[in-house]
Amino acid sequence: MTGSYNTCLLIDDNYIDNIVTRKLLENSGFAKNIVISESPDDAVEWLRDGTVIPDVIFLDIRMPTMDGFEFLELYDKLTIDKENIKVYLLSSSLDPADIKKSSNNKYITQFLHKPLTQKILEGISL
């Protein structure tokens with residue numbers, strides 16, 4: 001896989017998960033640019049002001065200041081082109097309510113369980 005996407009935004013408060021996921025994304029050539037935000041609040045601002053224009057967003061659910069679903073509520077209100085952005089929930093949650101809620105959200109392309117693997121990436125590439 002070589003640079004399927006231009007920009008990938010990873011939103012996850014877990015520093016170690018971010019290191020592991022970044023390494024996998026880099027080694028697989030998943031995207032030319034990988035941007036990481038440990039703060040969903042910062043990610044919203046980056047999207048709002050155009051600092052980051054992602055093709056793909058990997059979004060954690062459980063974060064202390066704002067969960068992934070709260071992020072998506074703010075994302076919905078952003079006046080950006082969302083048509084070509086794929087949002088994947090990337091979470092260790094096994095809660096059936098989270099999975100059901102994700103399937104009812106128009107922005108979520110797919111719910112993925114952590115850890116992200118090469119096989120999962122191959123399944124979601126262009």
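This briefing covers helix packing, aromatic pairs and selected residues in the structure above. The model is predicted. Helices α2 and α3 pack with their axes 10 Å apart. The whole structure holds five aromatic pairs. One peptide bond to note, from K114 to P115, is cis.

**Packing of α2 and α3**

- Two packed helices are described by the angle between their axes and the distance between the axes.
- Helix α2 spans residues 40-49, and helix α3 spans residues 68-77.
- Their packing angle is about 15 degrees.
- Angles under 35 degrees count as roughly parallel, so α2 and α3 are roughly parallel to each other.
- The crossing of α2 past α3 is right-handed.
- On the α2 side, P40, A43, V44 and L47 make the contact.
- On the α3 side, F71, L74 and Y75 make the contact.
- By class, this contact has seven nonpolar residues, with no polar and no charged ones.

**Aromatic rings**

- A pair of aromatic rings is described by the distance of the centres and the angle of the planes.
- A search of the whole structure gives five aromatic pairs.
- In the pair F71 and Y75, the ring centres are 6.0 Å apart and the planes lie at 25 degrees.
- Planes under 30 degrees apart count as stacked, so the pair of F71 and Y75 is stacked.
- F71 and Y75 are four residues apart in helix α3, so about one helical turn separates them.
- F71 is buried, because its relative accessibility is 0% and the limit for buried is under 20%.
- Y75 is also buried, with a relative accessible area of 1%.
- F71 and Y75 both belong to the α3 side of the contact with α2.
- One aromatic cluster is formed by Y5, F30, F58 and Y88.

**Buried residues: S37, V52 and T21**

- S37 sits in strand β2, which covers residues 31-37.
- The relative accessible area of S37 is 1%, so S37 is buried.
- Beyond four places in sequence, S37 touches L10, I11, D12, D42, A43 and W46.
- One of these partners, A43, also takes part in the contact of α2 with α3.
- V52 lies in the loop between α2 and β3 (56-59).
- V52 is buried, at a relative accessible area of 6%.
- Leaving aside neighbours within four places in sequence, V52 contacts T7, L9, V35, W46 and L47.
- V52 and V35 are 17 residues apart in sequence. Their C-alpha atoms are 7.9 Å apart in space.
- W46 is among the partners of V52 and among those of S37.
- L47, another partner of V52, is part of the α2 side of the contact with α3.
- T21 is placed in helix α1, residues 15-28.
- T21 is buried, with a relative accessible area of 8%.
- Outside its neighbours within four places in sequence, T21 is in contact with L10, L90 and L116.
- L10 is listed for T21 and for S37.

**Loop residues: D55 and E83**

- D55 is in the loop between α2 and β3.
- Its relative accessible area is 23%, so D55 is partly exposed.
- Neighbours within four places in sequence aside, D55 contacts Y5, N6, T7, N84, I85 and K86.
- Y5, one of these partners, belongs to the aromatic cluster with F30, F58 and Y88.
- T7 is a partner of D55 and of V52.
- D55 and L112 are 57 residues apart in sequence and 17 Å apart in space, C-alpha to C-alpha.
- E83 is in the loop between α3 and β4 (86-91).
- E83 is exposed, because its relative accessibility is 69% and exposed means over 50%.
- E83 and Y107 are 24 residues apart in sequence. Their C-alpha atoms are 9.2 Å apart in space.

**The cis bond and helix α5**

- The peptide bond from K114 to P115 is cis, with omega near -5 degrees.
- P115 lies in the loop between β5 (108-113) and α5 (118-124).
- I120 is placed in helix α5.
- I120 is partly exposed, at a relative accessible area of 24%.
- Not counting residues up to four places away in sequence, I120 touches L112, H113 and P115.
- I120 thus touches P115, the residue that follows K114 across the cis bond.

Notes
Residues numbered from 1 in each chain as written. Predicted model: local features only at pLDDT ≥ 70, side-chain atom pairs only at ≥ 80, totals over all residues. Heavy atoms only, no water. Helix = DSSP H or I, 4+ residues; strand = E, 2+ residues; numbered from the N terminus. Buried < 20%, exposed > 50% of the residue type's maximum accessible area, 1.4 Å probe, protein only. Contact = heavy atoms within 4.5 Å. Axes fitted to C-alpha atoms, helices over the stretch in contact; angles between N-to-C directions. Parallel < 35°, antiparallel > 145°, perpendicular 65-115°, else oblique. Left-handed = near helix turned anticlockwise from the far one by under 90°. Nonpolar A, V, L, I, M, F, W, Y, C, P; charged D, E, K, R; others polar. Phe/Tyr/Trp six-rings, centres within 6.5 Å; stacked < 30°, edge-to-face > 60°.
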